[in-house]
Amino acid sequence: MDEPPSTTEPPSEPAEPRPSGRHTGAAANAHKGSPSGAAIELADPHGLLDAAQREELSRMCACALEVLNTTGSVRAKLVADTEMAAAHEQYSNVPGTTDVLTFDMSENDNGACDLDVDLLICVDEACRQVAQRGHPVTHELTLYIVHGVLHCLGFDDHTDEDARAIHAEEDRVLSAIGIGRVYSGEREGAGA
């Protein structure tokens, strides 16, 4: 998993414009959390997933946000390697693609859990990972979205201890929504 970019500026094409009620079809699926919960807006402008996969991903992410007991909004844009590699270079000064880039747009400095986050999620990377891990691409993409949100909630993965903590929280959330371990479960199974 990649760390959040050092800038809080969103990508030049954010995960879609802020919710305005005009998103339909392949462009986005929006799921509101509970009345006090966070909402997820999923944008797939290039049709990288089919409609059933987009609906499943939106549903699982809404459930994950509910488990995290957060408020606010999460906008996740699904991209391919080319767009992700360009954003990775632009915002993190790292060449090549990655799984997720997180842009924390919140102005809360008081530790509040009111999310305002844009995520870039790489479907090509997810497809490579599921070929090795043997689970649906929607589970891998849910992991990426949960990982990005956890960064905005104060989790980090720069040290081994921090990485264990964020992966344990991913496991907790993904297990609570019926997916089970995705990343750390595979890693532990491989003897890491």
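In the predicted model, helix α4 passes helix α5 in a right-handed crossing. The two helices, spanning residues 137–152 in the case of α4 and residues 160–176 in the case of α5, pack at an angle of about 125°, and their axes are 10 Å apart. Because angles that fall outside the ranges for roughly parallel, roughly antiparallel and roughly perpendicular pairs count as oblique, α4 and α5 are oblique to each other. On the side of α4, the contact involves Thr142, Leu143, Val146, His147, Leu150 and His151, and these residues meet Ile166, His167, Glu169, Glu170, Val173 and Leu174 in α5. By class, the residues of this contact divide into six nonpolar, four polar and two charged.

Helix α4 also packs against α1, in this case at an angle of about 35° and with the axes 9 Å apart. The crossing of α1 with α4 is likewise described as right-handed. From α1, the residues Gln53, Glu56, Leu57, Met60, Cys61, Ala64 and Leu65 take part in the contact, while α4 contributes Val137, Thr138, His139, Leu141, Thr142, Ile145, Val146 and Val149. The contact of α1 with α4 comprises ten nonpolar, four polar and one charged residues. Thr142 and Val146 of α4 thus appear in the contact with α1 and also in the contact with α5.

The loop that precedes α4 was examined next. His135 is located in this loop, between α3 (123–133) and α4, and with a relative accessible area of 16% the residue is classed as buried, because the class requires a value under 20%. When neighbours within four places in sequence are left aside, the contacts of His135 are with Val130, Glu140 and Val182. A further relation between this loop and a later part of the chain is given by the C-alpha atoms of His135 and Ile179, which are separated by 9.5 Å although the two residues are 44 residues apart along the chain.

Two asparagine residues stand out by their backbone geometry. Asn69, in the loop between α1 (51–67) and β3 (71–79), has a phi near 55°, a positive value in a residue other than glycine. Asn93, placed in the loop between α2 (81–92) and β4 (100–104), has a positive phi of about 55° although this residue, too, is not a glycine. With a relative accessible area of 64%, Asn69 is exposed; for Asn93 the relative accessible area is 64% and the residue is exposed, because the exposed class begins over 50%.

At the level of the whole protein chain, six helices and five strands are present, and the elements follow one another from the N terminus in the order β-β-α-β-α-β-β-α-α-α-α. Of the 192 residues in the protein chain, buried residues make up 46%. The area exposed by the protein chain is about 8,900 Å², of which carbon and sulfur atoms supply 47%. Among the contacts between residues at least 6 apart in sequence, 64% join residues at least 24 apart.

How values were computed: Residues numbered from 1 in each chain as written. Predicted model: local features only at pLDDT ≥ 70, side-chain atom pairs only at ≥ 80, totals over all residues. Heavy atoms only, no water. Axes fitted to C-alpha atoms, helices over the stretch in contact; angles between N-to-C directions. Helix = DSSP H or I, 4+ residues; strand = E, 2+ residues; numbered from the N terminus. Parallel < 35°, antiparallel > 145°, perpendicular 65-115°, else oblique. Left-handed = near helix turned anticlockwise from the far one by under 90°. Contact = heavy atoms within 4.5 Å. Nonpolar A, V, L, I, M, F, W, Y, C, P; charged D, E, K, R; others polar. Buried < 20%, exposed > 50% of the residue type's maximum accessible area, 1.4 Å probe, protein only. Areas by Shrake-Rupley, 256 points an atom, 1.4 Å probe, with all protein chains shown as cover.
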